[in-house]
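I opened the notebook with three topics to look up: the sheet, the aromatic rings and the pocket. My entries follow in that order.

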Amino acid sequence: MNLYSFTYKFFRRVKIIILFYLHKILCHIHFKGNNVDYQNFGSLGTPYIIVARGGSCKIGRNFRMNNDVRGNPIGGKMKCIFFVDRDAKLTIGENVGISQTTLICHKSITIGNNVMIGGGAKIYDTDFHSIDHTIRGKNRIDQQNTKRVPVIIKNNAFIGAYSLILKGVTVGENSVIGAGSVVTKSVPDNQIWAGNPAKFIKNI
């Protein structure tokens with residue numbers, strides 16, 4: 001290793017250590033400011049968090065998240081996003097790891113223990129808009145007629161990179177969702193599903 005390479009890697013390592021502690025402080029500020037109930041966690045980068053008045057966000061022990069390309073390059077250069085609407089409830093269990101993940105919670109999203117969510121995956125418990133075109137342009141009426149159904153990700157599940165989990169879906173215990181899948185219906189325990197729309201591949 002030449003002197004230039006050694007010097008570069010040394011200062012890069014120092015920068016990473018400084019940013020790690022800085023980002024952890026900023027994450028504490030974001031969590032506290034949004035009344036998030038959390039315990040110990042690790043983070044590369046800082047997430048985007050909004051918990052509306054009356055909303056609830058609870059995160060269990062040993063939570064890990066990557067919010068930029070350094071933590072997990074497959075998810076691209078983006079932050080994790082936590083959006084919890086009024087009276088909605090986002091619950092994340094223990095030993096959960098996420099990378100550049102988007103969680104949009106208008107009613108309820110529950111993530112169990114030991115769950116891994118791959119880079120760029122998204123979980124929505126809402127359609128965002130009504131399917132009725134006659135009211136879709138009328139904001140208040142549109143919101144009142146938008147379907148919101150809880151999403152549950154059970155213990156030990158693995159959600160592959162860039163997957164999309166839609167409203168009303170339960171991903172079973174120990175189950176795996178293949179990368180890039182669009183999951184529109186519930187997945188039983190101990191199965192692998194993949195595709196658009198996601199279909200059964202095989203039992204684990």
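**Entry 1: the sheet.** I started with strand pairing. I found an open sheet of 6 strands, paired in parallel, with the order 2-5-8-11-14-17. The model is a predicted one, and I kept that in mind throughout.

Which strands stand at the edges? I noted strand 2 (48-51) and strand 17 (182-183) there. Each has a single partner strand, so one side of each lacks a neighbour in the sheet.

Next I looked at one pairing inside that order. Strand 8 (residues 102-105) and strand 11 (residues 122-124) run parallel and are joined by 3 bridges. I picked out Leu-103: its bridge partner in strand 11 is Ile-123.

**Entry 2: the aromatic rings.** I looked up the ring pairs and got 5 aromatic pairs in the structure. I wrote down Phe-31 with Phe-41. Their ring centres are 5.2 Å apart and their planes stand at 75°; pairs over 60 degrees count as edge-to-face, so this pair is edge-to-face.

Where do the two rings sit along the chain? Phe-31 belongs to helix 1 (residues 3-33) and Phe-41 to strand 1. They are 10 residues apart, and the pair links distant parts of the chain.

I then followed Phe-41 to a second partner. Tyr-38 and Phe-41 also pair edge-to-face, at 5.8 Å centre to centre with 70° between the planes. I logged Phe-31, Tyr-38 and Phe-41 as one aromatic cluster.

Are these rings buried or exposed? Phe-31 has a relative accessible area of 1%, under the 20% cut-off, so I count Phe-31 as buried. Phe-41 comes to 7% and is buried by that cut-off too. Tyr-38 is also buried.

I checked for a charge over a ring as well. Lys-24 lies over the face of Phe-41, at 5.4 Å from the ring centre.

**Entry 3: the pocket.** I turned to the largest pocket, whose volume is about 210 Å³. Its lining counts 16 residues. Which of them lie nearest the centre? I listed Arg-64, Asn-66, Gly-97, Ile-98 and Ser-99.

I sorted the lining by element next. Strand 1 (41-44), strand 4 (63-66), strand 7 (97-99) and strand 10 (116-117) are the elements that each give two or more residues to the lining.

How many of the lining residues are charged? I got 1 charged residue, beside 8 polar and 7 nonpolar.

Technical notes:
Residues numbered from 1 in each chain as written. Predicted model: local features only at pLDDT ≥ 70, side-chain atom pairs only at ≥ 80, totals over all residues. Heavy atoms only, no water. 1 Å grid on protein atoms, 1.4 Å probe; cavity = no way out; pocket = protein on both sides within 12 Å on 5 of 7 lines; lining within 4 Å. Points joined across faces, edges and corners; volume = space filled by probe spheres on them. Helix = DSSP H or I, 4+ residues; strand = E, 2+ residues; numbered from the N terminus. Nonpolar A, V, L, I, M, F, W, Y, C, P; charged D, E, K, R; others polar. Phe/Tyr/Trp six-rings, centres within 6.5 Å; stacked < 30°, edge-to-face > 60°. Buried < 20%, exposed > 50% of the residue type's maximum accessible area, 1.4 Å probe, protein only. Lys NZ or Arg CZ within 6 Å of the ring centre and 35° of its normal. Pairing = 2+ DSSP bridges.
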